[in-house]
Every structure is written in structure tokens, then in C-alpha cells.
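Biologist: I'm new to reading protein models, so could you walk me through this one? I'll ask, you reason it out.

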Amino acid sequence: MATRRYEQRARAEDAEKTRRRIVDAALERLRDAPSEPVSMERIATMAGVARSTVYAIFGSRAGLFDAVGVELRERGGYERLVEASHQSDAREALRGGIRAASEMLAASRDSYRTLHSMAKLDPEAVGGAVHRWEEERASAMTRIARQLDEQGILRSGVGADEANDVLWVLSSFESFDLLYSGRGLPLDAVVERLADTAERALMTP
């Protein structure tokens, strides 16, 4: 019985190692050739497995890119983002969320840029993963906008809906990357620009 449990555990560990090799290969491909289509055959070769193994583990291209997205966010500190954006003080939630999100994006900027670009060309596979990220971001911005409104922090004449729209723009990958890559600002400066812009546009002094 003990031998059987050991064999089952060993198989599970081998399967997880194979899964991780495939995800790592996909991430490597995104980093090294961001302008080229991501071929399942190429990823399988890089991971040292058959193409059928990739499909057996992930089910589809969409399944693989979902896993890639999860890995990117975990490596970048997604838990810190969730914790920072759920603070009880709305100002701190906003600033903390912008900082944690910017740190996460900066950690894998090229991969995020590639996935956002690929989502337009391959909406069925890559687009699904990106769409789910954006749904989560939309929910977080709606929550923070309501929090700002309920705590009486919004400027006179600014409601939760308008605040939500502004936060949606400022929290996007595009806004981050225009400053980080487009203007070449260091990460701390990007965070300050985005957070200060949000406060000036929406909040009482």
C-alpha cells in the first residue's frame, strides 16, 4: 500500500514538473520572440514533450494561456495587489492598488505587452485570458470608486460612476506602459504620476 502511494505521489510530481516546463517554455517564447506567433509545436519542443502532451494537460491553447496568465500574476505578486486594494481606507486602497499593480506589470512588462497585443489577433485563445483579467480589474475599480464615494472623499460634482471611468483608464496596462516604456519613467515615478492624477481628478484635497 505504501509503495502504491509513493508511486502515485511520484507520478503527480512528474506531471507537475511537466506542466511547469510547458508554462516556462511559453513564457520564454513570449519574452524572446514577442512579435512572432506562439506555436504549440514550438512550445512543446522547447519543453521537451510531444504536442499532444500540451493538449492533454491544458486542453487547448486557451487553457495554456490561462495557465501562463496565472503564472505571470503569481510571479509578479498578485496576492500583494489583492491585499493592497482591499484596505479599508479608500485613498490607501487606491494608492496601494496602483503601486502593487504597477510592480506586477513591470516585473513581466514584455510578456504582458505581447499578450495584450495577441489578444486582438487571437481572441479565442489569448483574448479569453486577457478578458478575464480585465473583468477582475473592472470589478476592483467599481469597488474602489464606491468606497471613495461612501467615505465622502470624492470632489463635489464627481459621482461613483465618473470615478469608476477615470480609475478604469488610469489602472489599465496601456496607461502604465505609456509612462513606463513610452516615457521611460522609473517605476516609482509611474506610480506617483498615476496615483496623483487620480487624486487630483477625483478627490477632495
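Modeller: Happy to, starting with a term we'll need: a helix here is a DSSP run of H or I with at least four residues, and helices are numbered from the N terminus. Also keep in mind that this is a predicted model.

Biologist: Then where does serine 102 lie, and is serine 102 buried or exposed?

Modeller: Serine 102 belongs to helix H6. A residue counts as buried when its relative accessible area is under 20%. Serine 102 has 3% relative accessibility, so the word for serine 102 is buried.

Biologist: Which residues does serine 102 touch, apart from its close neighbours in sequence?

Modeller: Skip everything up to four places away in sequence. What remains for serine 102 is Phe176, Leu187, Val191 and Leu194.

Biologist: Let's zoom out. How many helices and strands does the chain have?

Modeller: Reading along the sequence, you get α-α-α-α-α-α-α-α-α-α-α. As a tally, that secondary structure comes to 11 helices and 0 strands.

Biologist: And what does the C-alpha trace span?

Modeller: First, some background: the chain has 205 residues, and 44% of them count as buried. Its accessible surface is about 11,300 Å², with 50% belonging to carbon and sulfur atoms. Along the principal axes, the C-alpha trace spans about 65 × 45 × 30 Å.

Biologist: What share of the contacts join residues at least 24 apart?

Modeller: Here you look at contacts between residues at least 6 apart in sequence. Of those, the share joining residues at least 24 apart is 66%.

Biologist: Now charges. How far apart do the centres of the positive and negative sets lie?

Modeller: There are 30 positive side chains and 34 negative ones in the chain. Take the centre of each set, and the distance between them is 4 Å.

Biologist: How many salt bridges are there?

Modeller: You need a side-chain nitrogen of Lys or Arg within 4 Å of a carboxyl oxygen of Asp or Glu. Count by that rule and you reach 16 salt bridges.

Biologist: Take arginine 91 and glutamate 199. How many residues apart are they?

Modeller: Their side chains meet in a salt bridge, at 3.8 Å from N to O. Arginine 91 sits in helix H6 (residues 90-107) and glutamate 199 in helix H11 (residues 187-202), so the pair links distant parts of the chain, 108 residues apart.

Biologist: Which residues are linked with them in a network of salt bridges?

Modeller: Arg91 and Glu199 both belong to that network. The others linked with them are Arg95, Glu192 and Asp196.

Biologist: What about glutamate 103 and arginine 99: how much of a helix turn separates them?

Modeller: This salt bridge has an N to O distance of 3.5 Å. Glutamate 103 is partly exposed at 26%, and arginine 99 is partly exposed at 28%. Both lie in helix H6, 4 residues apart, which is about one turn.

Biologist: Aspartate 177 pairs with arginine 109. Is aspartate 177 buried or exposed?

Modeller: The closest N and O atoms of this salt bridge are 2.8 Å apart. It links helix H10 (residues 173-182), home of aspartate 177, with helix H7 (residues 109-121), home of arginine 109. Aspartate 177 has 7% relative accessibility, so aspartate 177 counts as buried.

Biologist: Which side chain makes a polar contact with the side chain of glutamate 71?

Modeller: Glutamate 71 is in helix H4 (residues 61-76) and is buried at 9%. Leaving aside neighbours within four places, glutamate 71 is in contact with Arg20, Val23 and Leu27. The polar contact, at 3.0 Å, is with arginine 20.

Biologist: What separates the C-alpha atoms of arginine 73 and leucine 105?

Modeller: Arginine 73 is in helix H4 too, and is buried at 13% relative accessibility. Beyond four places in sequence, arginine 73 touches Tyr78, Met104, Tyr112, Trp133 and Glu136. Leucine 105 is 32 residues away along the chain, yet the C-alpha separation is 8.4 Å.

Biologist: Last one: what separates the C-alpha atoms of glutamate 92 and glycine 127?

Modeller: Glutamate 92 is in helix H6 and is partly exposed at 42%. Glycine 127 is 35 residues along the chain from glutamate 92, and their C-alpha separation is 31 Å.

Definitions and conventions. Residues numbered from 1 in each chain as written. Predicted model: local features only at pLDDT ≥ 70, side-chain atom pairs only at ≥ 80, totals over all residues. Heavy atoms only, no water. Helix = DSSP H or I, 4+ residues; strand = E, 2+ residues; numbered from the N terminus. Buried < 20%, exposed > 50% of the residue type's maximum accessible area, 1.4 Å probe, protein only. Contact = heavy atoms within 4.5 Å. Areas by Shrake-Rupley, 256 points an atom, 1.4 Å probe, with all protein chains shown as cover. Lys, Arg positive; Asp, Glu negative; His and termini not counted. Charge placed at Lys NZ, Arg CZ, Asp CG, Glu CD. Polar contact = N/O pair within 3.5 Å; in protein donor to acceptor, adjacent residues only side chain to side chain.
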